[in-house]
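Trainee: I would like to go through the pocket and the ligand here. Where should we begin?

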Amino acid sequence: MKLFEKKKTDEYIIIIGCGRLGANLANTLSANNGNVLIMDKTKHAFRRLSQDFGGLAVVGDGIDLDAVQNAQIEKASAVIAVTNDDNTNIMIAQLARDMYHVNRVIARLYDPERESVYRDLGIDTICPAVLSAKEADKLLGKCTEEESK
Ligand code: AMP
């Protein structure tokens with residue numbers, strides 16, 4: 001498979017899961033000149049990509065070795081696993097890091113209690129529940145600050 005025409009950067013980022021978060025990420029990274037391949041097991045999920053998305057959208061299962069090899073995972077500078085299943089995301093992250101030696105690996109986790117476990121394994125995690133709580137706290141702090149003026 002031939003990947004894209006070279007963009008301004010040499011980065012090649014694979015995103016697994018084209019849901020609300022994955023599609024958003026793919027649109028943003030592609031708009032910033034990244035070479036992006038996004039994979040989802042459902043073709044319908046790609047409706048979320050913007051019309052300007054300049055990467056590749058591939059139907060496949062992120063834990064299927066043939067699918068990730070076809071995506072040339074060994075050439076990826078980063079793999080971001082953002083399916084709606086924590087175990088799947090961790091499995092993809094471990095596969096990318098341990099089997100294909102991908103440098104940057106990030107997994108989305110719904111369960112905040114598992115975050116530290118995976119951090120200890122050297123896998124970066126995004127935990128929307130934790131990020132939302134921090135953001136809410138920040139916004140509340142802002143309100144309190146403004147009220148006290
Ligand atoms: P969301 O919950 O909106 O972030 O959507 C998660 C996306 O991950 C959905 O589009 C699912 O089809 C996709 N997904 C779930 N499991 C897999 C998998 N094993 N491989 C690829 N995509 C997946």
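Trainee: What volume does the largest pocket have?

Mentor: The model is predicted, so local features need pLDDT of at least 70 and side-chain atom pairs pLDDT 80 or more, while totals for chains, interfaces and linings use all residues. Residues are numbered from 1 along each chain as its sequence is written, and side-chain values use heavy atoms, without hydrogens and water. A pocket is an open set of points on a 1 Å grid over the protein atoms alone, where a 1.4 Å probe fits, with protein on both sides within 12 Å along at least five of seven lines. Filling the points with probe spheres gives the volume, and for the largest pocket that is about 390 Å³.

Trainee: Which elements give two or more residues to the lining of the largest pocket?

Mentor: Lining residues have an atom within 4 Å of a point, and there are 22 of them, with Lys 41 and Thr 83 among those nearest the centre. Helices (H or I, at least four residues) and strands (E, at least two) are DSSP runs, numbered from the N terminus. The elements asked for are α1 (20-31) and β2 (35-40).

Trainee: What takes the space of the largest pocket?

Mentor: A molecule sits in a pocket if more than half of its atoms lie within 2 Å of the grid points. In the largest pocket, the space is taken by the ligand.

Trainee: Which polar side-chain atom lies 2.9 Å from a nitrogen atom of the ligand?

Mentor: Near means a heavy atom within 4 Å, and 17 residues surround the ligand, Arg 20 and Arg 108 being among the closest. A polar contact is a pair of N or O atoms within 3.5 Å. Asp 40 has a polar side-chain atom 2.7 Å from a ligand oxygen. The atom near the ligand nitrogen belongs to Asp 61.

Definitions and conventions
Polar contact = N/O pair within 3.5 Å; in protein donor to acceptor, adjacent residues only side chain to side chain.
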